[in-house]
Amino acid sequence: MQTPRSFLPSVALLSAFEAVARLGSITAAAQELNFTQSAVSRQVKALEEQLEARLFVRENQSLRITPAGELYAREIGDALQRIRAASLNIRSNPDGGTLNLAILPTFGSRWLAPRLPRFFAQHPGVMLNLKTQLSYFDFRTASFDAAIHFGHPHWPEAELALLRSEEVLPVCSPELKARVGFQHPDDLRQQVLLHLSTRPDAWEQWFSLHGSSRGAAHGMLFDQFATIAEATMVGVGVSLLPSFLIQQELDSGKLVPVFPLPMASAEHYYLAWPVERAMYPPLKAFREWLVAESSLER
């Protein structure tokens with residue numbers, strides 16, 4: 001069923017209302033939109049008449065948004081942002097073929113980015129937009145066509161394709177290893193253990209796998225891979241990191257394995273996408289390429 005046109009206000013009316021709601025002032029909105037104050041006021045009034053609802057309460061020389069106006073402003077703001085993003089995408093690639101991808105920052109910069117030239121060589125018409133996203137989101141309201149996901153094979157209202165597994169390895173700076181002279185996994189309990197907040201139980205799992213189950217493994221918590229890697233390289237402590245993401249540091253000697261005792265992570269890397277977008281040509285092309293590229297390293 002089509003939406004009645006009376007419930008589809010023009011973008012001009014919606015833009016005026018959104019600016020007034022966000023800035024709290026007709027004067028400020030008029031300056032931002034490069035309109036006169038009277039023009040913005042008329043647009044807001046026209047929108048109220050079309051919706052048959054009060055969006056603002058006018059009190060002397062001030063303007064106060066109503067509860068209904070606040071709710072409408074949040075939804076309209078999101079919708080206008082999506083329109084702006086879509087317009088920017090088509091302007092940057094007028095022939096179509098834009099894919100908006102949510103990525104995990106370290107996986108994106110260290111694993112995906114170096115391989116992208118091969119994708120673009122095979123699909124020169126596809127424009128790929130990358131944005132960091134660390135957690136689940138709703139594909140129905142977010143402006144993403146797909147996302148790189150680390151965890152278990154579950155994403156609400158989405159399909160997933162397995163990309164790769166990983167092994168984590170206990171690493172430290174070469175100076176720390178030389179100074180301590182580690183002999184047994186339990187020796188690590190005397191050091192500062194560095195934890196990634198997304199994997200808070202990794203150290204306990206590693207100790208259990210390699211013969212030590214003496215309670216919790218306490219230490220410092222980090223929410224960014226780059227920060228924990230840097231702290232490890234300067235000797236703050238010992239961390240448990242995915243070996244394929246620190247290959248540069250291992251090759252250069254900035255990080256060294258404390259023990260050659262890796263642990264396979266229970267979670268894996270996936271590409272997730274909304275069911276209704278599965279056959280979108282840029283997504284289909286990227287998915288097939290990414291799965292093939294990943295299969296070389298499983």
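This passage walks through a sheet, a helix pair, the nonpolar cores and one residue of a predicted model.

A good place to start is the sheet. Five strands form an open sheet in the order β4-β3-β5-β13-β6, and their pairing is mixed. At its edges lie β4, spanning residues 127–132, and β6, spanning 158–164, each of which pairs on one side only. From one strand to the next, the twist averages 25°. The link between β6 and β13 can be followed in detail: the two strands run antiparallel and are joined by six bridges, with β13 covering residues 268–274. Within this pairing, Ala161 has Leu271 of β13 as its bridge partner. The sheet also carries a helix, as α5 (residues 105–112) packs on it and touches β3 (98–103), β4, β5 (146–151), β6 and β13. The direction of α5 makes about 115° with that of β3.

Some of these elements return when the nonpolar side chains are considered. In soluble globular proteins, nonpolar side chains tend to be buried together. Here the largest nonpolar core has 39 residues. Leu101, Leu112, Ile148, Leu271, Phe286 and Leu290 are the residues with the most contacts inside this core. Leu271 is thus met again, having appeared above as the bridge partner of Ala161. Leu112 offers a closer view: leaving aside neighbours within four places in sequence, Leu112 is in contact with Leu101, Ile103, Phe107, Phe286, Trp289 and Leu290. There is also a second, separate core of 18 residues, and among its members are Ala16, Phe17, Ala19 and Leu47.

Two of those names, Ala16 and Ala19, lead to a pair of helices, since both belong to the α1 side of a contact with α2. Two packed helices are described by the angle between their axes and the distance between the axes. For α1 (residues 11–23) and α2 (residues 26–33), the axes come within 8 Å and cross at roughly 125°. This angle makes α1 oblique to α2. The crossing of α1 past α2 is right-handed. On the α1 side, Ser15, Ala16, Ala19, Val20, Arg22 and Leu23 take part, meeting Ile26, Ala28, Ala29, Glu32 and Leu33 of α2.

Finally, Glu297 is worth a look. This residue is found in the segment after α11 (281–295). Glu297 counts as partly exposed because its relative accessibility is 34%, a value between the 20% and 50% cut-offs. Apart from neighbours within four places in sequence, Glu297 is in contact with Trp111, Arg115 and Arg164. Glu297 and Cys172 are 125 residues apart in sequence, and their C-alpha atoms lie 25 Å apart in space.

Note on methods
Residues numbered from 1 in each chain as written. Predicted model: local features only at pLDDT ≥ 70, side-chain atom pairs only at ≥ 80, totals over all residues. Heavy atoms only, no water. Core = buried A, V, L, I, M, F, W, Y, C linked by side-chain atoms within 4.5 Å. Buried < 20%, exposed > 50% of the residue type's maximum accessible area, 1.4 Å probe, protein only. Contact = heavy atoms within 4.5 Å. Helix = DSSP H or I, 4+ residues; strand = E, 2+ residues; numbered from the N terminus. Pairing = 2+ DSSP bridges. Axes fitted to C-alpha atoms, helices over the stretch in contact; angles between N-to-C directions. Parallel < 35°, antiparallel > 145°, perpendicular 65-115°, else oblique. Left-handed = near helix turned anticlockwise from the far one by under 90°.
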